[in-house]
Amino acid sequence: MPVSAGKETTSHQLPSWLLRAALIITFLVYVRTVAFDFVYDDHYQISLNAWLHDWRLIPQYFTHQLWAFRDLSSPANFYRPMFSVWLAAVYHLTGGAPGWYHMATILLHLIVVMEAYVLARLLLQDRLAAAIAAALFALHPSKVEAVAWVSGGGEPLFAAFFFATFILYWKGRESGSWAVRSASVITFLAALFTKEQALVAPFIIGIFEIASHRQESWRMRLWKATRVVLPYFIVFAAFWLARMQVMKGVGDGLPGLSLSSTLWTQPIAWLWYIGHVVFPFNLSMIYPRMIVRGFSVVWVLLPAIALAFLGIAAWLWARKSPRGVMLLAWFILTLAPPVAMILLVQPHDRYLYLPTFAVAVGLAGVLRRLPPRWQVLVAACLCAIFATGSFYESRYWDSDLSLMQRAVERAPSNPYSHLLLSVAYGQQGDLARAKKILVNAADRFPHEFDIWQALGIQEYSAGNYDEAYAALTRAANEAGKGQLQLPAVWFHLGLVCQKLGRAEESERWYRQAIAADANRAVYHAGLASLLESAGRTDEALAERNLAQQLRQQISTAALRP
C-alpha cells in the first residue's frame, strides 16, 4: 500500500506515549556504551588528534581532509569538516573522555529520532504511524555501528542536518515562506560539510516535485522541480569547488578503482544491504571482502534478477503516491553512494542509517491499515526484536579486542580482520599472541602485503631485525606485483638495514621512501640519523630541518595567515 496524505487519524495520547517509550528504550539500549572505550579509528581521530584541542584550529578543518592532523600530505578520500567540529566541541565541553563521547553520540541519535518522527508525520499525516516509524527507525540494529562507535557518529550527525533539510523544505513548501526555504538550503550546506552524500537530497526533492504534479505535462513538471532544487544545486556547486581545492581533485585513490569490478559487484552489494535491512543481526565491523571481478551466474546474474524483481515490486508499491515515490527515491539514493563505492569502502552497517528511515515509514504506512491497538501491538513486537538485537550486537564495541575477535569470527576470509586482531592484542601487551596471529595470517594469505608489513614492523619493534628484513622485503615484493607505492615499508626497511649495519642499503630505502612521499617528517628524521652516524653532518642537518619544518606545518597549520 503506497504512502498517501490524509487527515491525522489519531488525536489521543497514544502516539506521544509511544514516541517517549521509543526514546527511553533507545537510550537504555545504548547507555551501556558510556562505559565502552575508544576503538579503531577513535584512537587516531580523538586520542591522538591534537587539532581538537585548540578552537583556533577549527578553520583548518575546512581547508584540509579528515586525516590531515596526522600529516598534511596524508592521502585520504574523506572531507568531513563538520564532523571534526563535532568532535572538537565534545572535547572542549566534556574534557574528551570516551564516556562523554559515547553519551554525546547517543543524544545525537535521539535528536535524529525526533527529527525522523517530525518528517514521518509530515509524510504520513498520522501521529501514531509517525511514532511507529520513528520507533522502528531508532531501534533497528543497523544503527549499532553508528551509535556504539564514536567515529561512526558521523552518520547521525549527517542525518541530523539531512533530516532538517527535508523538514524545512516541507514546511517551506506548505507555507511558501522564503525564510524557511532558505533555512533548508543552509542545513543542506551543513549536511554537505558533514558528508558529500548530501548531494542526493535535491534529487529526492526533485523526484517528489515531479511526482506531485502528475496532472501537468512533463515539461511543466520538470520546470517546477528545477525551480525548487536550483538553490540546492547552486550551493552544492560552490561546495564542490571548495572541496576540490582541499582534496586536490576528487580524492586520493578514486581514479584507480576498477570500473568493471565495481559494476560486476553492484547486484550482490545491493542485495547485501537489503538483506541487512530485513535481517539486521549477526553483525560485525568487518565482513568478508566483497568484490566480483567478472561475470558470474551465481554472483552477478542471479542477484541482478532478484534485484530486478525487488525493484519492480517496490515501484508498484510506491508509484501510486508521490510520498511513496519519495520514500523509494530516499532509500535508493541514500544507499547508492556506498554501493557505488563498494570496492573502496566495503560493506558497513552504518551506511544503512539513513536508508532505513524510508523502510520504517513504509512499514508504518502498511501497519496504518490496522486498528490503532493492533498497529501498536505489531510495532511493539518488532521494536522488542530490534531492541534486543541492538543491545546484543552493541556488546562487541566495548574494546578493540572484542570488536576484532568478532571480526575474525564473522570474516575469517578477510585478512584485514586478522591484522586488526593482532594489533588489538599488541595494544594489550600480548605480543606473543599478536605475532602468532600475523604468522598464521601470512601463511593463509601469502600475497597480502599488509600482513607482511605488519609482521615486519612487529619484528622490528621486538628487535628481531633479520626476521623484520625478511617480512618487509616480502611486503615490498607483494606490493610491487600490484605496482603499489609503499613508502612506509621502504622507510621501515631503512630502519632495519640501519640496525643491521647496512648503511648503503639503508640510505637507499630512506631516499626511496622520501622520493615517494617527501612530506613525511619521520622519513627525513630517519635519514638524518643515518647521515649523522656516517659523519655527514651538513646533509644530516638539512634533513633534520626539513623534518622540523614539516612537523611545524602540522601543529600550526591553522594559525598561518
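Let me start with one term: a residue is buried when its relative accessible area is under 20%. Please keep in mind that what you see above is a predicted model.

With that cut-off in hand, look at helix α16, residues 355–367. Of its 13 residues, 10 are buried, so the rest of the structure largely encloses this helix. If you want to click through them, the buried ones are Pro355, Thr356, Phe357, Ala358, Ala360, Val361, Gly362, Ala364, Gly365 and Leu367. The geometry works out nicely too: at 1.5 Å a residue, the helix should span 18 Å, and its end C-alpha atoms are 19 Å apart, which agrees.

Now, what does α16 give to the second largest pocket? It contributes seven residues to the lining, the most of any element. That pocket has a volume of about 860 Å³. It is lined by 29 residues, and those closest to its centre are Ile274, Val277, Ala314, Phe331 and Val359. The elements giving two or more residues to the lining are α6, α12 (259–278), α13 (297–318), α14, α16 and α17 (372–394). For those of you thinking about the chemistry of that lining, it divides into 25 nonpolar residues, four polar and no charged.

On to the aromatics, where there is plenty to look at. The count comes to 32 aromatic pairs. Take Phe137 and Tyr353: their ring centres are 5.6 Å apart and their planes stand at 85°, so this pair is edge-to-face. The two partners come from distant parts of the chain, 216 residues apart, with Phe137 in helix α6 (residues 127–139) and Tyr353 in the loop between α15 (342–345) and α16. Are these two rings buried or exposed? Phe137 counts as buried, at 0% relative accessibility, and Tyr353 is buried as well, also at 0%.

A second pair to rotate into view is Phe166 with Trp330, which is tilted, at 4.9 Å centre to centre and 55° between the planes. Here too distant parts of the chain are linked: Phe166 belongs to helix α8 (residues 154–175), Trp330 to helix α14 (residues 322–340), and 164 residues separate them. Both Phe166 and Trp330 are buried.

How do these rings fit together? Ring pairs link Phe137, Phe158, Phe162, Phe163, Phe166, Trp330, Tyr353 and Phe357 into a cluster. Phe357, you may recall, is also among the buried residues of α16.

Some rings have a charge for company instead. The charged end of Arg20 sits over the ring of Trp17, 5.3 Å from its centre. Arg221 lies over the face of Trp218, at 4.2 Å from the ring centre.

For the backbone enthusiasts, I have two residues with positive phi that are not glycine. Tyr40 has a phi near 50°, and its place is in the loop between α1 (14–30) and α2 (42–47). Gln346 has a phi of about 60°; this residue is in the loop between α15 and α16. With 19% relative accessibility, Gln346 counts as buried, since the cut-off is under 20%.

Finally, a stop further along the chain. Ala521 is in helix α25 (residues 521–533), and at 9% relative accessibility it counts as buried. Its C-alpha atom is separated by 23 Å from that of Gly463, and the two residues are 58 apart along the chain.

That's my tour; thanks for listening!

Terms used
Residues numbered from 1 in each chain as written. Predicted model: local features only at pLDDT ≥ 70, side-chain atom pairs only at ≥ 80, totals over all residues. Heavy atoms only, no water. Helix = DSSP H or I, 4+ residues; strand = E, 2+ residues; numbered from the N terminus. Expected span 1.5 Å × (residues − 1). Buried < 20%, exposed > 50% of the residue type's maximum accessible area, 1.4 Å probe, protein only. Phe/Tyr/Trp six-rings, centres within 6.5 Å; stacked < 30°, edge-to-face > 60°. Lys NZ or Arg CZ within 6 Å of the ring centre and 35° of its normal. 1 Å grid on protein atoms, 1.4 Å probe; cavity = no way out; pocket = protein on both sides within 12 Å on 5 of 7 lines; lining within 4 Å. Points joined across faces, edges and corners; volume = space filled by probe spheres on them. Nonpolar A, V, L, I, M, F, W, Y, C, P; charged D, E, K, R; others polar.
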